[in-house]
Amino acid sequence: MTQGATRPSVTAVLGPTNTGKTYLAIERMLGHRTGMMGFPLRLLARENYDRVCRQVGARHVALVTGEEKIVPPDARYFLCTVESMPLDRRVSFLGIDEIQMCADAERGHMFTERLLHARGETETMFLGAETMRPVIRALTPDAAYLSRPRFSKLTFAGQRKLARVPPRSAIVAFTANDVYALAEQIRRGRGGAAVVLGALSPRTRNAQVAMYQAGEVDYLVATDAIGMGLNMDVDHVAFASLRKFDGRRYRRLLAPEIAQIAGRAGRHMADGTFGTLDPTPPLDPEEIDRIENHRFEEVGTVWWRNADLDFSSVEALLAGLDAPPPSPRLLRVRAAEDQRALVALSHDREAMTATDSPEAVALLWDVCQIPDFRMMLTESHTRFISRVYRFLRGPDGRLPADWVAGQMSRLDRIDGDIDTLMARIAHVRTWTYVSHRPDWIENAVEWQERARGLEDRLSDALHTALTQRFVDRRAAALSRMRGKESLSADIGGDGGVSVEGQYVGRLEGFRFRTDAEAGAEDRPALATAARRALGDEIARRVRALEAAPDFALALDAEKGLTWLGAPVARLVAGSDALSPRVEIPANEFLEPALAERARARLQAWLDAHVAEVLGGLRALEAAPLEGAARGLAFQLREALGSLPRRRCAAQIAALTPEDRKMLRALHIRLGMEAVFLPDLLKPKAVALRAVLWALRDGGERRPAPPAPGLVTVPADARVPESFYAAVGFRVLGGRAVRIDMLDRVAILMAGRMRKGPFPLDAELLTPLGLSVEQMAPIVSSLGYRVTVAEEGGATVEGRVRRPRRDRPAAAPPAAAPPAAAAPDEADRKPKRPPRERKPGGKKPESRQRRERPIDPDSPFAKLAELRFK
C-alpha cells in the first residue's frame, strides 16, 4: 500500500509480552473510519475479529485468512493473516502484529515485505519486540517509537519435577510425542491437561484452551504454538526441553524465544514464573537475567524476498525469486515452501508444457502458494498442486466438481486416532484454501461451506479424542479439591455421592464404596474426597439409626443387619446359638464412638427380634423341666427347634405323664417322625434359624432355606443335611421334606398298613405335592417296601424288617411296633408274656383291668371311643 498525499505516521510499538500492544492497536484502528491488521496466525486473526465484531457489529468487520473469508458489503475493518492482507484495499489505519517475525527463516520475508511497503493512508503501526528497533530504524527511517513496559513481573522459579509443577501451568515441549507423554502423566497424577499443538485446527485449539480457561483442567501441555497471542490465565511456564527442530536442524532455543514463550505466564497485572522440568537443566544465571529484564541482542538483519517478479517464464520467475537484497539489513530468504514447490514443478514436463504465457506462469506461481498444511514437503504435495495446475490450464479452466467432491468425501470420516484426525484436518484446510479461489472452482461459496463444515466436524472429533485420552474430569476436579478447606457433598436417593459435583461412589449405610468404574489409581483420591465431605452425614445417620423404628431394621442372610435396606452390620456367633452378636466392620468413615452407639442400637433390636421370632426356644431354657424332659428341651434348643424322633427316643421313652403335659404347654409336638415346635416352621422363624445355623455351623456357607410355602424341595447335595434339619426339614429319598408334613404322611401310612398293602394314591401324594415317582423313594426311606408298576402307580407292600442306619447304637433291640401304633405307644416297653391260666381258672384280676391311660396327644386317641359288636 503506497503513501497518500500527506505523509502518514508510522509508529513502532515495542515491548515484551503482556504489554497491551495489540489492545492499543485495536483501539487506534477503531478510532479511524477504516482499518486493517495483519496477524501471524489464523487463530489470532479470528480471536481479534470476534472482539471487534462485539464492539462495532459484524456487518462492519471482515475476516480474511488463507482458509476463511468473511467480507460483508459494508466491511470497514479487516482482520487478516499477514500473508492474506488485501493490500489493494485502501484503509486509513494499518497494523502488523508480531513484527519480530521478520527474523523467522520460514515466513519472515512476508513480514519484511509488509514492513517495507504496507501503509495506512493516515496511520501505520508495527507491534513487536524491542529487539526490532535497529532494523525498523534502518528500513523505515521516518518511524516513531513507543515503548511499552510489561504490566507484570516475570521471575525464574528453577527446576521442578512434573509432580511439583503448580496448577495453572503451561508445560512446553517441542514434539507431538513429548506433548502426548507429558499429558498422559498429568492425567494419571492430576486429572488431565489441555493440549495445544501447531497442527491443531483453530477450532480444536480454541476448544482445548477454553477447557483450560474454564478450570476443567489445571494444566496445559503445548508446543511453542502458545508463544504468540494466546491469551490465557497461566501462572507458570515449565520447559520440558530447551531444544527444537527448526525445519533444518535441532538446536537450542535462543533467549528471545524462551522469553516469548515464558511471557505467557502472568497476565495483565498478575506476576508469572517460568522454569525447567526435570531432567532439563536450569538456565544459567546470565540468561535468566536477560529474560527477566527483557534484555536481548538486537536484531541486525531480517529475511527478505524479491516481490517484483518476472512472469515471462518459469526460469525468469525463479531468477527473480533468487534476486539479491537491496540492503545489507536484508537477507535473501532460503527457498521457502512455495519456491520449493515451484522448483519441483519445473521438472514436471506435463505441467511445464502449459506455461506458455506470462498469465500461465503467474497462475503456476499462485498454485505453488497452496499451503502444505500436512507439512509433507514430499512428492505427494507436488503431485497434488501439479494436478490442480493442469486442471486449471485445461479446457474448462476450473477444477472438476466431481474430482473435488471425491477428494472431500474421502476425508469425511471422524473415526481414527488423534494423528489420523489431525492429518484429515490438514488436508481439509488445503481444500478450504482452494475453495476461497472463486476463479478456480465453480460454486465456490458452496464448496467453502462444505469444507468449513467438514473441518468443524473433524475438529470437534479431534477435541473429543484429545479430551478422552488426556483428561479425567473427575480426577481433575478431585485434584482441585485438595486446596479447599471444606467440601460439599450431595447424596442421592439411591445413596450415590457427589462431591463438588463429581460422582465419587455410593454410601450404603455407614460404608462408602468408591465408584466401581474408577481405576485403581483414582480410588484413593475418591475415598479421600468422600471422607472429607461425609463426616457430618455419617454422624447424622447414627443419630437417625438410634431413633429409627424397629420396622426399619431387618436381618438378611447375605447382607447381615440392614437399615432401610442398606447393610450396616454383620452377625457373629455368640455364647450360644440363640445369642448372636452384632459386629460393625472396621470403617474409616465411622468413628469408634459412633460405631459403638450404632452397635448398641442394633444389638438391642437383634435380641428383641430373636426373642420374638424364636420365643418358643427361649422359653425352654427358663421352663422348670427336670430329668428326661429337661434333656429333651436342651437337645431341641441346640437343634434350633426340631429333632428326628429317633435321635431322642430314649428321652421320650422316659417321659412321665407330667413331663408330657409340661412339654405340651411349651408347644412341643412329639410327632411320629420328629419332635418340633410348630410355630418355628413359619417363614420368619425358618429364615432366622437358617442365619443362626450359618453362624454356628456354616462357616463361609450361607445356604438359603426353601422358599416360604414349599413343603418339599430337591435336596442340594452341596448343602449339609444338618442345615435342612435346622430349618425344619428332613432329607429322604433325595428330597428335603418339611417335618410337619412328613409326620402327617407317616401317620396316614401307619394307619393303612394295619389293613395290609396299599397304593400310593392322591391322599398320600397331595400333602407333599409329589408324583408317584418322587414319592416312592421317600416312602422307602421311611422303612417301607414299595413296588412301582411299569404301567404307573406304586404299592406299599409292608415294613422292612431291618434296623435303621441312624438308630442309636446304645438302644436295645425292640420288637417292631404294631402297624397302626400311635407315636407315643411305639415307645412303650414290650409286654410281658401272658401268665399261664389254670384249668378252669379265670383271668387274674390284675390282668383284667390293667390298662395304661390313653395319651390325649396321640392321633389315635379317638379310637378309644369306638365300640365293636
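Select Arg42, Glu67, Glu68, Thr432, His436, Gln448, Arg452 and Glu455, and you will have on screen the residues that line the largest cavity of this structure, which is a predicted model. The volume of this cavity is about 40 Å³, and a search of the whole structure finds one cavity of 30 Å³ or more. If you colour the lining by class, you will find five charged residues, three polar residues and no nonpolar ones. Which helix gives the most to this lining? Highlight residues 444-470, that is helix 16, which contributes three residues.

Before going further, zoom out to the whole chain. The protein has 869 residues, of which 49% count as buried, and its secondary structure comprises 30 helices and 35 strands. Among the contacts with a separation of 6 or more, 66% are between residues 24 or more positions apart.

**Aromatic pairs**

The next selections are rings, since the structure holds eleven aromatic pairs. Begin with tyrosine 180 and phenylalanine 470, whose ring centres are 5.6 Å apart and whose planes meet at 25 degrees; because planes under 30 degrees apart count as stacked, this pair is stacked. Tyrosine 180 belongs to helix 5 (residues 176-190) and phenylalanine 470 to helix 16, so the pair ties together parts that lie 290 residues apart in sequence. Both tyrosine 180 and phenylalanine 470 are buried.

Now move to phenylalanine 384 and tryptophan 431, an aromatic pair with 5.5 Å from centre to centre and 80 degrees between the planes, which is an edge-to-face arrangement. Here the partners come from helix 13 (residues 379-392), which holds phenylalanine 384, and helix 15 (residues 418-435), which holds tryptophan 431, so this pair ties together parts that are 47 residues apart in sequence. Are these two rings buried or exposed? Phenylalanine 384 has a relative accessible area of 8% and is buried, and tryptophan 431, at 1% relative accessibility, also counts as buried. Add Phe391 and Trp403 to the selection, and you will see the cluster that ring pairs make by linking Phe384, Phe391, Trp403 and Trp431.

**Arginines over rings**

Select arginine 168 together with tyrosine 212: the arginine lies over the face of the tyrosine, at 3.9 Å from the ring centre. Arginine 168 deserves a second look for its backbone, as its phi is positive, about 60 degrees, although the residue is not a glycine. To place it, display the loop between strand 9 (154-160) and strand 10 (169-172), where arginine 168 is found. With a relative accessibility of 16%, arginine 168 counts as buried, because the cut-off for that class is under 20%.

Then go to arginine 799, whose charged end sits over the ring of tyrosine 784, 4.5 Å from its centre.

**Two helices and what covers them**

Select helix 12 (residues 358-368) and show its side chains; the buried residues are Ala360, Val361, Leu363, Leu364, Trp365, Val367 and Cys368. What do these buried residues pack against? Their neighbours are helix 9 (314-321), helix 10 (337-345), helix 11 (349-352) and helix 13.

Helix 29 (residues 772-781) is the next selection, with Val772, Met775, Ala776, Ile778 and Val779 as its buried residues. The cover over these residues includes strand 31 (729-732), strand 32 (735-738), helix 27 (739-753), helix 28 (762-765), strand 34 (784-788) and strand 35 (794-799). Following the chain onward from helix 29 brings you to glycine 783, which has a positive phi near 100 degrees.

**Backbone details**

Most residues other than glycine have a negative phi, and most peptide bonds are trans. With that in mind, select aspartate 278 and proline 279: the peptide bond from the one to the other is cis, with omega near 15 degrees. Proline 279 is located in the loop between strand 16 (272-277) and helix 8 (285-293).

The last stop is leucine 564, a residue other than glycine with a positive phi, near 55 degrees. Look for leucine 564 in the loop that joins strand 24 (560-563) and strand 25 (566-572); at 66% relative accessibility, this leucine counts as exposed.

Methods. Residues numbered from 1 in each chain as written. Predicted model: local features only at pLDDT ≥ 70, side-chain atom pairs only at ≥ 80, totals over all residues. Heavy atoms only, no water. 1 Å grid on protein atoms, 1.4 Å probe; cavity = no way out; pocket = protein on both sides within 12 Å on 5 of 7 lines; lining within 4 Å. Points joined across faces, edges and corners; volume = space filled by probe spheres on them. Helix = DSSP H or I, 4+ residues; strand = E, 2+ residues; numbered from the N terminus. Nonpolar A, V, L, I, M, F, W, Y, C, P; charged D, E, K, R; others polar. Phe/Tyr/Trp six-rings, centres within 6.5 Å; stacked < 30°, edge-to-face > 60°. Buried < 20%, exposed > 50% of the residue type's maximum accessible area, 1.4 Å probe, protein only. Lys NZ or Arg CZ within 6 Å of the ring centre and 35° of its normal. Contact = heavy atoms within 4.5 Å.
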